[in-house]
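Below is a set of questions and answers on a protein model, written to be read beside its sequence and coordinates. Each answer works towards the value or name that was asked for.

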Amino acid sequence: MSPGEKLDPLPDTFILQPPVFHPVVPYVTTIFGGLRARKMVMLQGAVPLNARRFQVDFQCGCSLHPRPDIAIHFNPRFHTTKPHVICNTLHGGRWQAEARWPHLALQRGASFLILFLFGNEEMKVSVNGQHFLHYRYRLPLSRVDTLGIYGDIFVTAVGFLNISPFVEGGSEYPVGHEVPCSRALPQGLWPGQVIIVRGLVLPEPKDFTLSLLDEAAHVPVTLRASFTDRTLAWVSRWGRKKLILAPFLFYPQRFFEVLLLCQEGELKLALSGQGVGATSLGQQALERLRELRISGSVQLYCVHY
């Protein structure tokens, strides 16, 4: 880029809010663009050994007086004889009827990964990769613009992600995966199938590759992100590189999302919830694929297909 040259502004839907590491609790932050369906909030941390309760509030503002409405109040309680979670809504200064879930999936002294996944009508919550509860909205999700975390909790990271634009009502949840990562594709890829990869870029990244191998262990296509020259490209089995003309959306210590949709002999690519192009392989070549390999300077949270 030449001196003085300006980059084209990115659409708001392309931008993933930067993660927050080791915030001090109580912690309150603005949610960029507010909450909407097809958005996710991920919370990593640990429950103290002497914890009584903590809460995660999705708020309609951040004022102290008057107290803002709370569209979603997620409140694990450990100090009772039967630990449980309460979800509720505060509207006009009054709490509505509590919704209660027993068999709390969180434990004192244990680390956790909680994901809040927002759909059109309800929020789903997973704990350590397992679905835990769902809660129907009682206030419009569009009013939520603030996240508040309070109580007895150690927070290591708060992340903001998007949901697949290809899978309506998708309920995939992130879990940890080692890198390099290999996953079998015993039936190949067929029209309508989606590969979803989400993770966090490491502090000093070099590259990131997603490769698809066929029955003969050939690599018909690789998606490669280079942090040296900030390019994203398809690489063929013969090493030919085809640059993808889209904003480079991989940044150190930022979350990323890559989605590949198999459709009519080609793979369509989406980054951070937006389609950015495709590469043609032919349907027979897609059906002969047998392995997905992921490597590079990333920490993976979701590999789903």
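Q: Is L249 buried or exposed, and what is its relative accessible area?
A: The model is a predicted one, and in it L249 is found in the loop between strand 19 (241–243) and strand 20. A residue counts as buried when its relative accessible area is under 20%. L249 falls under that cut-off and is therefore buried, with a relative accessible area of 10%.

Q: What distance separates the C-alpha atoms of L249 and A225?
A: L249 belongs to the loop that runs between strand 19 and strand 20, while A225 is 24 residues away from L249 along the chain. In space, the C-alpha atoms of L249 and A225 are separated by 9.6 Å.

Q: In which loops do F227 and F248 lie, and at what angle do the planes of their rings stand?
A: F227 lies in the loop between strand 17 (221–226) and strand 18, and F248 in the loop between strand 19 and strand 20, so that their pair ties together parts that are 21 residues apart in sequence. F227 is buried, with a relative accessible area of 11%, and F248 is buried as well, at 9%. The two rings form an edge-to-face pair, 5.6 Å centre to centre, and the angle between the planes is 90°.

Q: Which residues form one aromatic cluster with F227 and F248?
A: A search of the whole structure finds 11 aromatic pairs, and the edge-to-face pair of F227 and F248 is one aromatic pair of the model. Both residues belong to one aromatic cluster, in which they are joined by F208, F250 and F256.

Q: How are the rings of F54 and F112 arranged, and what parts does the pair tie together?
A: Both F54 and F112 are buried. Their rings form an aromatic pair with 6.3 Å centre to centre and 15° between the planes, an arrangement that is stacked. F54 lies in strand 4 and F112 in strand 9 (residues 111–118), so the pair ties together parts that are 58 residues apart in sequence.

Q: How many of the residues of strand 5 are buried, and which strands pair with strand 5?
A: Strand 4 (residues 54–60) is joined to strand 5 by five bridges in an antiparallel run, with F58 standing opposite I72. Strand 5 also pairs with strand 6 in the antiparallel sense, over six bridges, and here the bridge partner of F74 is C87. Strand 5 (residues 69–77) is largely enclosed by the rest of the structure, because the residues that are buried number nine of the nine. The strands that pair with strand 5 are thus strand 4 and strand 6.

Q: Which residue offers its backbone oxygen at 2.8 Å from a polar atom of the side chain of N88?
A: N88 lies in strand 6 (residues 84–91) and is buried, with a relative accessible area of 3%. Leaving aside residues up to four places away in sequence, N88 touches several residues, among them I70, I72, W95, Y135 and R138. The backbone oxygen that lies 2.8 Å from a polar atom of the N88 side chain is that of Q96.

Q: Which residue takes a positive phi in the hairpin of strand 10 and strand 11?
A: Strand 10 (residues 122–127) and strand 11 (residues 130–136) run antiparallel and are joined by six bridges, with V127 standing opposite Q130. The hairpin has two residues between the strands, and the residue that takes a positive phi, near 55°, is N128.

Q: Which strands stand at the edges of the open sheet of six strands?
A: The strand order in this sheet is 14-23-16-17-18-19, with antiparallel pairing. The edge strands each have a single partner strand, so one side of each is left without a neighbour in the sheet, and they are strand 14 (181–184) and strand 19.

Q: Which residue is the bridge partner of I196 in strand 20?
A: An open sheet of five strands has the order 22-21-20-15-24 and antiparallel pairing, and its edge strands are strand 22 (274–280) and strand 24 (298–304). Within this sheet, strand 15 (residues 194–201) and strand 20 (residues 255–263) pair over seven bridges in the antiparallel sense. The bridge partner of I196 is L259.

Terms used. Residues numbered from 1 in each chain as written. Predicted model: local features only at pLDDT ≥ 70, side-chain atom pairs only at ≥ 80, totals over all residues. Heavy atoms only, no water. Pairing = 2+ DSSP bridges. Helix = DSSP H or I, 4+ residues; strand = E, 2+ residues; numbered from the N terminus. Buried < 20%, exposed > 50% of the residue type's maximum accessible area, 1.4 Å probe, protein only. Polar contact = N/O pair within 3.5 Å; in protein donor to acceptor, adjacent residues only side chain to side chain. Contact = heavy atoms within 4.5 Å. Phe/Tyr/Trp six-rings, centres within 6.5 Å; stacked < 30°, edge-to-face > 60°.
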